Amino acid sequence: EDTVTGFLLGGIGELDKHRRPNFLVVEKETSLAEIEETFRCVWGETGPGRARGGLRGPLGVSQKGFLAREDVGMILISQALAEQIRPAVAAHARALPAVLEIPSKDHPYDPARDSVLRRARGLFAPDELR
């Protein structure tokens with residue numbers, strides 16, 4: 001919540017023409033299923049409060065996951081939250097949107113858990129990373 005608030009105060013958050021936010025505030029009550037659905041391209045079955053293909057937004061507008069939206073070029077996710085939905089994060093293999101794991105105030109950054117850094121290490125020889 002604090003990370004999103006900081007970015008919003010910096011002017012990064014916005015609503016598109018369909019009133020879909022380009023951010024998700026994760027609170028204690030936010031389920032992992034909701035977080036993963038908001039992140040992913042393909043969503044499961046519809047249900048109360050949901051529309052086919054996505055969550056129902058504030059005005060009843062169907063929302064796509066961040067990976068499916070053309071107006072999202074980068075996804076910033078706290079590393080602790082990325083760990084909780086690791087299979088979804090690891091399954092994303094496209095260049096855009098780029099997924100960057102950032103530290104939060106409660107959880108320091110751990111390079112050993114960063115999926116982007118792990119992929120980069122696989123592309124380069126160990127001597128090139130020094």
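Author: Contact means that heavy atoms lie within 4.5 Å. The structure discussed below is a predicted model.

Reader: Of the contacts in the protein with a separation of 6 or more, what percentage do residues 24 or more positions apart account for?

Author: The count starts from contacts whose partners have a separation of 6 or more. Among these, the share belonging to residues 24 or more positions apart is 53%.

Reader: In what order do the elements of the protein run from the N terminus on?

Author: The secondary structure comprises five helices and four strands. Helix α1 covers residues 2-9, and helix α2 covers residues 32-39. Strand β3 spans residues 74-78, and strand β4 spans residues 98-102. Read from the N terminus, the order is α-α-β-β-β-α-α-β-α.

Reader: How much accessible surface does the protein have, and what percentage of it belongs to carbon and sulfur atoms?

Author: Of the 130 residues, 28% count as buried. The accessible surface of the protein comes to about 8,700 Å², and the part belonging to carbon and sulfur atoms is 56%.

Reader: Which residues of strand β3 make up its covered face, and which its uncovered one?

Author: Strand β3 has two faces. The covered face consists of Ile75 and Ile77. The uncovered face consists of Met74, Leu76 and Ser78.

Reader: Do β3 and β4 run parallel or antiparallel, and how many bridges join them?

Author: Ile77, on the covered face of β3, stands opposite Glu101 in β4. The two strands run parallel, and the number of bridges joining them is five.

Reader: Which residues form a nonpolar patch on the surface, and what is their accessible area together?

Author: Met74 and Leu76 lie on the uncovered face of β3, and Leu100 is placed in strand β4. These three belong to the patch, which also includes Phe7, Ile12 and Val116. The accessible area of the six residues together is about 490 Å².

Reader: Why is Leu100 classed as partly exposed rather than buried or exposed?

Author: Buried means under 20% relative accessible area and exposed means over 50%, with partly exposed in between. Leu100 falls between these limits and is therefore partly exposed, because its relative accessible area is 31%.

Reader: Which residue forms a salt bridge with Arg86, and what distance separates the closest N and O atoms?

Author: The partner of Arg86 is Glu101, with the closest N and O atoms 2.7 Å apart. The pair links distant parts of the chain, Arg86 in helix α4 and Glu101 in strand β4, 15 residues apart. Both Arg86 and Glu101 are buried. The partner and distance asked for are thus Glu101 and 2.7 Å.

Reader: With which residues is Arg113 in contact, leaving aside its neighbours within four places in sequence?

Author: Arg113 is found in the loop between β4 and α5, and Arg113 is partly exposed, with a relative accessible area of 44%. The C-alpha atoms of Arg113 and Ala82 are separated by 9.3 Å, although the two residues are 31 residues apart along the chain. Both partners of the salt bridge between Arg86 and Glu101 appear among the contacts of Arg113, which are Gln79, Glu83, Arg86, Glu101 and Arg118.

Reader: Which residues are linked in a network of salt bridges?

Author: The structure holds six salt bridges. One of them joins Arg20 to Asp16, whose closest N and O atoms are 2.6 Å apart. Arg20 counts as buried because its relative accessibility is 12%, and Asp16 is buried because its relative accessible area is 15%. The network is made up of Asp16, Arg20, Arg69 and Asp71.

Reader: What is the N to O distance in the salt bridge of Glu36 and Arg40?

Author: Glu36 is partly exposed at a relative accessible area of 23%, and Arg40 is partly exposed at 28%. Their side chains meet in a salt bridge with an N to O distance of 2.6 Å.

Reader: Which residue offers the backbone oxygen that the side chain of Thr38 reaches?

Author: Thr38 is placed in helix α2. Thr38 is buried because its relative accessible area is 7%. At 2.8 Å, its side chain reaches the backbone oxygen of Glu34.

Reader: How far apart in space are Thr3 and Lys105, C-alpha to C-alpha?

Author: Thr3 is in helix α1 and is partly exposed, with a relative accessible area of 32%. In sequence, Thr3 and Lys105 are 102 residues apart. In space, their C-alpha to C-alpha distance is 8.3 Å.

Methods. Residues numbered from 1 in each chain as written. Predicted model: local features only at pLDDT ≥ 70, side-chain atom pairs only at ≥ 80, totals over all residues. Heavy atoms only, no water. Patch = residues over 30% accessible without salt bridge, like charges linked within 9 Å, V, L, I, M, F, W, Y side chains within 5 Å. Areas by Shrake-Rupley, 256 points an atom, 1.4 Å probe, with all protein chains shown as cover. Salt bridge = Lys/Arg side-chain N within 4 Å of Asp/Glu carboxyl O. Buried < 20%, exposed > 50% of the residue type's maximum accessible area, 1.4 Å probe, protein only. Polar contact = N/O pair within 3.5 Å; in protein donor to acceptor, adjacent residues only side chain to side chain. Pairing = 2+ DSSP bridges.
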